[in-house]
Amino acid sequence: MSINDEKELKTPLNAQSVELTDIEQSPILDQSLDQPKKEKLSNFYSANIFSRILFAWTHYAMGKANDAPLTVSNLTGLHEDDKAHSLAKPLFDTWYGLDGEEGYQKKKSNGLFLAILMTNLCYIIFLTVVNFALSLLKYGQIFFFRELVLHFKLYHNPEEETKPKFPLYVTAGFFLLIKVSKTFGHHQSLFFEQVLGVKTVNQVSALIYDKLTKTSIFIKNQISEGELLNFIQSDADSLNFLYSALPSIFNVPFNFAVSLYMLFKFFGKSFVFG
C-alpha cells in the first residue's frame with residue numbers, strides 16, 4: 001500500500017475527528033449543557049380562582065389514578081417556596097437563635113409546640129378567622145331554615161302566632177346563598193388546614209434531620225434507626241392532625257356559647273331536659 005493510499009484512508013477519519021472536536025467545543029452546546037432543565041410545576045400554581053374553588057386542577061392526577069397507580073413521574077414539581085428547605089428555614093429561625101459566629105444555639109424558652117405555632121402564626125390566624133366566618137354562616141343557615149319552617153307553618157295554619165321576619169323569597173334566597181357559600185368555604189378551609197398539617201410534618205422532619213447531622217457519633221450510636229424512623233414517620237406525623245385541627249379548636253368556645261344560646265332561644269328551658 002502506497003503512502004498516498006494511507007493518506008486517503010486516514011483523511012476521512014481525521015476529518016470526522018476534527019468535526020466532532022469542533023462540535024464538542026461549540027459554545028452553543030456548552031450553553032445548553034450548563035442550563036438546568038426547567039422543572040414543570042404543579043397545575044395548582046397556574047390554576048385560576050375558579051379552578052381552585054372547584055378543585056379542577058386535580059383532574060389530571062385523578063385521570064391518571066383511574067388508569068393506573070400514580071408514580072413519582074406522574075406528579076409535577078413543587079414551587080421553590082413549598083420545598084423542604086424553604087419550609088424548614090422559618091422554623092429554624094424560630095427554633096434557633098444566632099450566637100455570633102459560633103452558629104446556631106437553641107432558644108431555651110422556645111419549645112417545639114411554641115416554635116411551630118409562632119412559625120405558622122399568620123397562617124393559623126387566617127384559618128381561624130375563616131373557620132369563625134364559616135361558623136357564622138352555619139348559624140345563619142339555621143336561622144333562615146327556621147324562617148322557612150315558619151313560612152310552611154303559616155301556609156298550613158294562617159292563625160299561627162309566630163310570624164316569619166322575612167318574606168319567603170328573601171328567606172329562600174339567603175338560605176340557598178349561605179348553603180352554597182358554606183359548602184365551598186368548608187372545602188377550601190379543609191384543604192388549607194391539611195396543607196398546614198403537611199407543612200408542619202415536613203418542618204419537623206427537616207428539624208430532626210438537621211439535629212441528626214449535627215449530633216456526634218457517640219450520641220448517634222445510642223439511638224437506633226428504628227427510633228429515628230419513629231420520630232420522623234410517627235411522632236412528626238402526629239402533629240399533622242394537631243395543627244390541621246388547631247384553627248377549629250380555637251373556635252370551640254365560640255361555637256359552644258352560640259349553640260347554647262340558639263338552643264335556649266328556639267326551644268326554651270326544655271332543651272336542658274332532652
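Accessible areas here come from the Shrake-Rupley method with a 1.4 Å probe. With that in hand, the protein chain has an accessible surface of about 19900 Å², and 65% of that surface belongs to carbon and sulfur atoms. Keep in mind as you look around that this is a predicted model.

Let's start with the overall build. The protein chain has 12 helices and two strands. Walking from the N terminus, you pass α-α-α-α-α-α, then β-β, then α-α-α-α-α-α. The chain runs to 274 residues, and 24% of them count as buried. As for how the chain meets itself, take the contacts between residues at least 6 apart in sequence: 68% of those join residues at least 24 apart.

A good place to zoom in is helix H4, residues 49-54. Ile 49 sits in this helix, and Ile 49 counts as exposed because its relative accessible area is 57%, where the cut-off is over 50%. Ile 49 also belongs to a nonpolar surface patch of about 690 Å², together with Phe 50, Ile 53, Leu 54, Leu 176, Val 180 and Phe 184. Two elements give two or more residues to this patch, helix H4 and helix H9 (168-213). H4 provides the largest share, at four residues.

Next along the chain is the loop between helix H5 (59-67) and H6, which is where you'll find Leu 78. Leu 78 has a relative accessibility of 43%, so this residue counts as partly exposed. Look across from Leu 78 to Lys 40: the two are 38 residues apart along the chain, with their C-alpha atoms separated by 8.3 Å. Asp 81 has its place in that loop between H5 and H6 too. Asp 81 is exposed, because its relative accessible area comes to 53%. Setting aside residues up to four places away in sequence, Asp 81 touches Ser 86 and Leu 87.

That brings us to helix H6 itself, residues 84-95, which holds both Lys 89 and Asp 93. Side chains of opposite charge can pair when their charged atoms come close. Here Lys 89 forms a salt bridge with Asp 93, and the closest N and O atoms are 3.1 Å apart. The two residues are four apart, about one turn of the helix. Asp 93 is partly exposed, since its relative accessible area is 38%. How many salt bridges does a search of the whole structure find? The search turns up one.

Now for a spot with less access. Asn 120 is found in the loop between helix H7 (112-119) and helix H8 (121-156). Is Asn 120 buried or exposed? Its relative accessibility is 8%, so Asn 120 counts as buried; the threshold for that is under 20%. Leaving out neighbours within four places in sequence, Asn 120 is in contact with Leu 196, Thr 200 and Gln 203.

Helix H9 is also home to Gly 197. Gly 197 is buried, because its relative accessible area is 0%. Which residues does Gly 197 contact, leaving aside its neighbours within four places in sequence? They are Asn 240 and Ser 244. If you compare C-alpha positions, Gly 197 and Ser 238 are separated by 9.3 Å, although they lie 41 residues apart along the chain.

Finally, turn back to the surface and to charge. Arg 146, Lys 153, Lys 165 and Lys 265 gather in a patch of positive charge there. Arg 146 has its place in helix H8. With a relative accessible area of 31%, Arg 146 is partly exposed, so this residue clears the cut-off of over 30% relative accessible area for joining a patch. From Arg 146 to Thr 171 is 25 residues in sequence and 9.6 Å in space, C-alpha to C-alpha. Another member of the charged patch, Lys 265, is found in helix H12, residues 252-267. Lys 265 counts as partly exposed because its relative accessibility is 49%.

Key:
Residues are numbered from 1 along each chain as its sequence is written. This is a predicted model: local features need pLDDT of at least 70, side-chain atom pairs count only at pLDDT 80 or more; totals for chains, interfaces and linings use all residues. Side-chain values use heavy atoms; hydrogens and water are left out. Buried means under 20% relative accessible area, exposed over 50%, partly exposed in between (1.4 Å probe, protein chains only). Contact means heavy atoms within 4.5 Å. Patches are made of residues with over 30% relative accessible area and no salt bridge: like charges are joined within 9 Å, nonpolar side chains (Val, Leu, Ile, Met, Phe, Trp, Tyr) within 5 Å. A salt bridge is a side-chain nitrogen of Lys or Arg within 4 Å of a carboxyl oxygen of Asp or Glu. Lys and Arg count as positive and Asp and Glu as negative; His and the chain ends are not counted. The place of a charge is taken as NZ of Lys, CZ of Arg, CG of Asp or CD of Glu.
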